[in-house]
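Okay, thanks for squeezing me in, everyone. I've got one structure to walk through, so let me put it up on the screen.

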Amino acid sequence: MMKRIATWAFYVVGTLAILYLALYAYAVLTGRQLEPGAPIHIFRNPDAPSYS
């Protein structure tokens, strides 16, 4: 039983590693270049109050 769990865990870790590498390759080959100082607007509500 433990050998079967270890085998499945090995397969899962290997699959995650391959998916991570594929996602990294996709991001490198097709991703936009980030420019230093460019603001990142993620989940920013334009109507939110500014506390600064």
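So, Trp8, Phe10 and Tyr11 are linked into a cluster by ring pairs. Keep in mind that this is a predicted model. If you search the whole structure for aromatic pairs, you find two. Take Trp8 and Tyr11: their ring centres sit 6.3 Å apart with the planes at 85°, so that pair is edge-to-face. Trp8 and Tyr11 are three residues apart in helix H1, so about one helical turn separates them. Then there's Phe10 with Tyr11, and that aromatic pair is tilted, at 6.4 Å centre to centre and 55° between the planes.

Now, are those rings buried or exposed? Trp8 comes out at 56% relative accessibility, so Trp8 counts as exposed. Phe10 has a relative accessible area of 64%, and Phe10 is exposed too, because the cut-off for that is over 50%.

Okay, the helix itself. The protein has one helix and zero strands, and that helix, H1, covers residues 2-30. How far apart are the end C-alpha atoms of H1? They're 42 Å apart, and at 1.5 Å a residue the 29 residues should span 42 Å, so the two agree. H1 is also hardly covered: among its 29 residues, the count of buried ones is zero.

And if you zoom out to the protein, it's a similar story with the cover. Of its 52 residues, 0% count as buried. The protein exposes about 5,800 Å², and 69% of that is supplied by carbon and sulfur atoms.

Which residues make the nonpolar surface patch? That would be Tyr20, Leu21, Tyr24, Val28 and Leu29, and together they make a patch of about 620 Å². Let me pick out Val28 from that group. Val28 has its place in helix H1, and at 48% relative accessibility Val28 counts as partly exposed, because exposed would need over 50%.

So, to take home: a ring cluster of Trp8, Phe10 and Tyr11, a nonpolar surface patch that includes Val28, and a helix H1 with zero buried residues. That's me done, thanks.

How values were computed. Residues are numbered from 1 along each chain as its sequence is written. This is a predicted model: local features need pLDDT of at least 70, side-chain atom pairs count only at pLDDT 80 or more; totals for chains, interfaces and linings use all residues. Side-chain values use heavy atoms; hydrogens and water are left out. Patches are made of residues with over 30% relative accessible area and no salt bridge: like charges are joined within 9 Å, nonpolar side chains (Val, Leu, Ile, Met, Phe, Trp, Tyr) within 5 Å. Accessible areas come from the Shrake-Rupley method with a 1.4 Å probe; for residues, only the protein chains shown count as cover. A salt bridge is a side-chain nitrogen of Lys or Arg within 4 Å of a carboxyl oxygen of Asp or Glu. Helices (H or I, at least four residues) and strands (E, at least two) are DSSP runs, numbered from the N terminus. Buried means under 20% relative accessible area, exposed over 50%, partly exposed in between (1.4 Å probe, protein chains only). Rings of Phe, Tyr and Trp (its six-membered ring) pair if their centres lie within 6.5 Å; planes under 30 degrees apart count as stacked, over 60 as edge-to-face and the rest as tilted. The expected span of a helix is 1.5 Å times one less than its number of residues.
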